[in-house]
Amino acid sequence: NIAYPLFAIDGTLGYETLFAHELSHHWWGDLVTCETEEDMWLNEGWASFSEALFTEVIYGDQAYINYVRANHKDVLLSSHIDDGGRYPVSGIPHEITYGSHVYNKGADMVHTLRGYMGDEDFFEACRNFLIENAFTSISSEEMRDFFQQYTDRDITSFFDNWIFAEGFPEYRVVSWSQPSADQIQLQTEHFKHYAPQYYQGLPMEVTCTDWNNNRFDTTIIIDNVIQEFTLQLPIAFDVKSVILNKD
(Lines give C-alpha, C1' and ligand atoms only; values in the text may rest on other atoms or scores of the structure.)
Protein backbone atom coordinates (compact mmCIF):
# COMPACT_ATOMS: atom_id res chain seq x y z
CA ASN A 1 0.00 0.00 0.00
CA ILE A 2 1.53 3.29 -1.13
CA ALA A 3 0.09 6.34 0.62
CA TYR A 4 0.44 10.04 -0.15
CA PRO A 5 -0.07 12.51 2.74
CA LEU A 6 -2.98 14.91 2.62
CA PHE A 7 -0.84 17.88 3.74
CA ALA A 8 1.23 17.57 0.57
CA ILE A 9 -1.79 18.01 -1.71
CA ASP A 10 -1.84 21.79 -1.50
CA GLY A 11 -2.31 22.94 -5.09
CA THR A 12 1.39 23.75 -5.61
CA LEU A 13 4.51 21.99 -6.83
CA GLY A 14 6.10 22.28 -3.40
CA TYR A 15 5.94 18.53 -2.75
CA GLU A 16 6.46 17.25 -6.27
CA THR A 17 9.61 15.30 -5.41
CA LEU A 18 7.74 13.60 -2.56
CA PHE A 19 5.11 12.64 -5.12
CA ALA A 20 7.84 11.18 -7.35
CA HIS A 21 9.32 9.33 -4.36
CA GLU A 22 6.05 7.69 -3.37
CA LEU A 23 5.08 6.79 -6.93
CA SER A 24 8.50 5.18 -7.48
CA HIS A 25 7.71 2.70 -4.72
CA HIS A 26 5.51 0.94 -7.27
CA TRP A 27 8.86 -0.35 -8.57
CA TRP A 28 11.34 0.00 -5.68
CA GLY A 29 9.53 -1.53 -2.72
CA ASP A 30 6.47 -3.02 -4.39
CA LEU A 31 7.41 -4.77 -7.63
CA VAL A 32 10.74 -5.70 -5.99
CA THR A 33 11.27 -5.28 -2.25
CA CYS A 34 14.08 -5.72 0.24
CA GLU A 35 14.42 -9.16 1.79
CA THR A 36 15.30 -7.80 5.26
CA GLU A 37 14.88 -4.51 7.06
CA GLU A 38 18.68 -4.18 7.17
CA ASP A 39 18.52 -3.64 3.40
CA MET A 40 15.80 -0.97 3.49
CA TRP A 41 17.98 1.24 1.24
CA LEU A 42 16.84 -0.99 -1.64
CA ASN A 43 13.36 0.47 -1.13
CA GLU A 44 13.91 3.95 0.28
CA GLY A 45 17.33 4.81 -1.13
CA TRP A 46 16.22 3.98 -4.64
CA ALA A 47 12.97 5.90 -4.14
CA SER A 48 14.97 8.90 -2.93
CA PHE A 49 17.21 8.60 -6.00
CA SER A 50 14.04 8.60 -8.09
CA GLU A 51 13.36 12.11 -6.77
CA ALA A 52 16.62 13.24 -8.37
CA LEU A 53 15.83 11.33 -11.55
CA PHE A 54 12.42 13.02 -11.74
CA THR A 55 14.15 16.39 -11.30
CA GLU A 56 16.54 15.57 -14.16
CA VAL A 57 13.77 14.56 -16.55
CA ILE A 58 11.56 17.58 -15.79
CA TYR A 59 14.13 20.33 -15.17
CA GLY A 60 17.34 19.19 -16.87
CA ASP A 61 20.88 18.00 -16.16
CA GLN A 62 22.00 20.94 -14.03
CA ALA A 63 18.93 20.68 -11.80
CA TYR A 64 19.77 17.00 -11.27
CA ILE A 65 23.37 17.83 -10.40
CA ASN A 66 22.25 20.52 -7.96
CA TYR A 67 19.81 18.09 -6.32
CA VAL A 68 22.47 15.39 -5.94
CA ARG A 69 25.09 17.82 -4.62
CA ALA A 70 22.68 19.21 -2.00
CA ASN A 71 21.86 15.67 -0.87
CA HIS A 72 25.55 14.67 -0.79
CA LYS A 73 26.40 17.72 1.32
CA ASP A 74 23.60 16.83 3.73
CA VAL A 75 24.91 13.27 4.03
CA LEU A 76 28.47 14.41 4.76
CA LEU A 77 27.43 17.05 7.30
CA SER A 78 24.38 15.55 8.99
CA SER A 79 23.72 11.83 8.51
CA HIS A 80 26.13 10.71 11.25
CA ILE A 81 24.51 13.23 13.61
CA ASP A 82 20.94 12.33 12.69
CA ASP A 83 21.57 8.57 13.00
CA GLY A 84 24.09 8.63 15.86
CA GLY A 85 27.05 7.25 13.91
CA ARG A 86 28.48 6.45 10.50
CA TYR A 87 27.02 3.37 8.84
CA PRO A 88 27.02 1.49 5.56
CA VAL A 89 23.70 1.57 3.74
CA SER A 90 23.38 -2.23 3.85
CA GLY A 91 23.22 -3.91 7.25
CA ILE A 92 21.62 -0.90 8.92
CA PRO A 93 20.66 -1.20 12.64
CA HIS A 94 16.98 -1.68 13.47
CA GLU A 95 16.59 1.69 15.19
CA ILE A 96 17.58 3.61 12.05
CA THR A 97 15.76 1.49 9.48
CA TYR A 98 14.13 4.71 8.27
CA GLY A 99 17.07 7.02 8.99
CA SER A 100 19.21 9.38 6.95
CA HIS A 101 21.67 6.68 5.88
CA VAL A 102 18.85 4.66 4.31
CA TYR A 103 17.17 7.56 2.47
CA ASN A 104 19.86 10.14 1.80
CA LYS A 105 23.04 8.12 1.69
CA GLY A 106 21.11 5.37 -0.10
CA ALA A 107 20.22 7.83 -2.87
CA ASP A 108 23.83 9.06 -2.89
CA MET A 109 25.04 5.50 -3.46
CA VAL A 110 22.63 4.88 -6.35
CA HIS A 111 23.84 8.08 -8.03
CA THR A 112 27.42 6.88 -7.49
CA LEU A 113 26.61 3.48 -9.01
CA ARG A 114 25.11 5.27 -12.02
CA GLY A 115 28.35 7.19 -12.51
CA TYR A 116 30.44 4.06 -11.94
CA MET A 117 28.60 2.04 -14.59
CA GLY A 118 27.61 4.78 -17.04
CA ASP A 119 24.04 5.55 -18.05
CA GLU A 120 23.57 2.93 -20.76
CA ASP A 121 24.67 -0.02 -18.62
CA PHE A 122 23.09 1.33 -15.42
CA PHE A 123 19.59 1.87 -16.79
CA GLU A 124 19.60 -1.40 -18.73
CA ALA A 125 20.52 -3.20 -15.50
CA CYS A 126 17.74 -1.37 -13.62
CA ARG A 127 15.08 -2.27 -16.18
CA ASN A 128 16.01 -5.93 -16.37
CA PHE A 129 16.49 -6.20 -12.62
CA LEU A 130 12.91 -5.11 -12.02
CA ILE A 131 11.55 -7.35 -14.79
CA GLU A 132 13.42 -10.50 -13.84
CA ASN A 133 12.87 -10.10 -10.08
CA ALA A 134 9.25 -8.95 -10.24
CA PHE A 135 7.16 -9.79 -7.14
CA THR A 136 10.13 -11.11 -5.17
CA SER A 137 12.27 -9.93 -2.27
CA ILE A 138 15.98 -9.43 -2.83
CA SER A 139 19.20 -8.67 -0.96
CA SER A 140 22.03 -6.27 -1.70
CA GLU A 141 24.20 -9.25 -2.63
CA GLU A 142 21.64 -10.37 -5.20
CA MET A 143 21.49 -6.87 -6.66
CA ARG A 144 25.30 -6.81 -6.81
CA ASP A 145 25.50 -10.10 -8.69
CA PHE A 146 22.75 -9.07 -11.12
CA PHE A 147 24.26 -5.68 -11.96
CA GLN A 148 27.66 -7.31 -12.54
CA GLN A 149 26.22 -8.90 -15.68
CA TYR A 150 25.84 -5.44 -17.26
CA THR A 151 29.29 -3.92 -16.78
CA ASP A 152 32.98 -4.75 -17.08
CA ARG A 153 33.69 -2.73 -13.93
CA ASP A 154 34.12 -4.66 -10.67
CA ILE A 155 30.73 -4.43 -8.97
CA THR A 156 31.86 -6.65 -6.08
CA SER A 157 34.56 -4.12 -5.22
CA PHE A 158 32.04 -1.29 -5.59
CA PHE A 159 29.58 -2.89 -3.19
CA ASP A 160 32.31 -3.80 -0.70
CA ASN A 161 33.44 -0.17 -0.59
CA TRP A 162 30.29 1.89 -1.07
CA ILE A 163 27.43 -0.33 0.12
CA PHE A 164 28.82 -2.67 2.77
CA ALA A 165 31.24 -0.24 4.47
CA GLU A 166 30.82 3.12 6.15
CA GLY A 167 32.47 6.36 5.08
CA PHE A 168 33.65 7.70 1.74
CA PRO A 169 36.81 8.08 -0.32
CA GLU A 170 38.22 11.55 -0.86
CA TYR A 171 40.51 12.45 -3.77
CA ARG A 172 42.61 15.55 -4.29
CA VAL A 173 44.84 16.97 -6.99
CA VAL A 174 48.28 17.16 -5.36
CA SER A 175 49.99 18.83 -8.31
CA TRP A 176 49.89 19.21 -12.06
CA SER A 177 52.14 20.61 -14.75
CA GLN A 178 51.96 21.10 -18.50
CA PRO A 179 55.28 20.04 -20.09
CA SER A 180 53.88 20.50 -23.62
CA ALA A 181 50.90 22.09 -25.32
CA ASP A 182 49.11 18.75 -25.71
CA GLN A 183 50.01 17.03 -22.46
CA ILE A 184 49.68 17.44 -18.70
CA GLN A 185 51.18 15.51 -15.83
CA LEU A 186 48.90 14.98 -12.84
CA GLN A 187 49.40 13.62 -9.33
CA THR A 188 46.43 12.58 -7.17
CA GLU A 189 46.16 11.53 -3.54
CA HIS A 190 43.48 9.37 -1.94
CA PHE A 191 42.23 9.98 1.61
CA LYS A 192 39.80 7.93 3.69
CA HIS A 193 36.80 9.90 4.96
CA TYR A 194 35.90 7.53 7.81
CA ALA A 195 36.14 4.53 5.46
CA PRO A 196 37.86 1.36 6.75
CA GLN A 197 40.04 0.91 3.67
CA TYR A 198 41.32 2.64 0.56
CA TYR A 199 39.29 2.12 -2.61
CA GLN A 200 40.69 0.65 -5.82
CA GLY A 201 39.68 0.70 -9.45
CA LEU A 202 37.64 3.88 -9.14
CA PRO A 203 36.95 5.81 -12.37
CA MET A 204 37.38 9.54 -11.87
CA GLU A 205 36.64 12.29 -14.36
CA VAL A 206 39.38 14.87 -14.86
CA THR A 207 38.30 18.25 -16.26
CA CYS A 208 40.90 20.64 -17.67
CA THR A 209 39.83 24.21 -18.39
CA ASP A 210 41.68 26.81 -20.42
CA TRP A 211 41.77 30.61 -20.12
CA ASN A 212 38.74 30.95 -22.40
CA ASN A 213 36.68 28.60 -20.18
CA ASN A 214 36.80 25.76 -22.69
CA ARG A 215 36.95 22.33 -21.07
CA PHE A 216 38.46 18.99 -21.88
CA ASP A 217 37.27 15.88 -20.03
CA THR A 218 38.93 12.52 -19.68
CA THR A 219 38.69 9.58 -17.27
CA ILE A 220 41.41 8.10 -15.08
CA ILE A 221 41.29 4.96 -12.93
CA ILE A 222 42.61 5.45 -9.40
CA ASP A 223 44.15 2.38 -7.75
CA ASN A 224 46.74 3.79 -5.36
CA VAL A 225 46.97 6.26 -2.48
CA ILE A 226 49.31 8.48 -4.50
CA GLN A 227 49.21 8.12 -8.27
CA GLU A 228 50.69 9.90 -11.27
CA PHE A 229 49.10 10.24 -14.70
CA THR A 230 50.18 11.61 -18.06
CA LEU A 231 47.16 12.88 -20.00
CA GLN A 232 46.96 13.80 -23.67
CA LEU A 233 45.18 17.08 -24.46
CA PRO A 234 43.87 18.76 -27.60
CA ILE A 235 46.72 20.52 -29.40
CA ALA A 236 47.60 23.94 -27.93
CA PHE A 237 45.20 23.65 -25.02
CA ASP A 238 46.54 26.19 -22.52
CA VAL A 239 45.47 24.71 -19.17
CA LYS A 240 44.25 27.05 -16.44
CA SER A 241 42.85 24.54 -13.95
CA VAL A 242 42.56 20.78 -13.34
CA ILE A 243 39.51 19.52 -11.44
CA LEU A 244 38.54 16.05 -10.23
CA ASN A 245 34.92 14.95 -10.61
CA LYS A 246 33.65 18.40 -11.60
CA ASP A 247 30.15 17.13 -12.47
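In the predicted model, F123 is partly exposed, with a relative accessible area of 22%. This value lies in between the limits of under 20% for buried and over 50% for exposed residues, and F123 is therefore classed as partly exposed. The residue F122, by contrast, is buried, its relative accessible area being 0%.

Aromatic contacts were examined across the structure, which holds 21 aromatic pairs. One of these is formed by F7 and Y15, whose ring centres are 5.4 Å apart. The planes of F7 and Y15 stand at 80 degrees, and because an angle over 60 degrees counts as edge-to-face, the pair is assigned to that class. Of the two partners, F7 is exposed, with a relative accessible area of 54%, whereas Y15 is partly exposed at 31%.

The rings of F122 and F123 likewise form a pair, with their centres 5.0 Å apart. Their planes meet at 75 degrees, so this pair is also edge-to-face. The buried F122 and the partly exposed F123 both belong to a cluster linked by ring pairs. The cluster further includes W28, W46, F49, F129, F146, F147 and Y150.

Charged side chains were also found over aromatic rings. The charged end of K105 sits over the ring of F168, at 4.9 Å from the ring centre. In a second such arrangement, the charged end of R114 is placed over the ring of Y64, with a distance of 4.9 Å to the centre of that ring.

Terms used. Residues numbered from 1 in each chain as written. Predicted model: local features only at pLDDT ≥ 70, side-chain atom pairs only at ≥ 80, totals over all residues. Heavy atoms only, no water. Phe/Tyr/Trp six-rings, centres within 6.5 Å; stacked < 30°, edge-to-face > 60°. Buried < 20%, exposed > 50% of the residue type's maximum accessible area, 1.4 Å probe, protein only. Lys NZ or Arg CZ within 6 Å of the ring centre and 35° of its normal.
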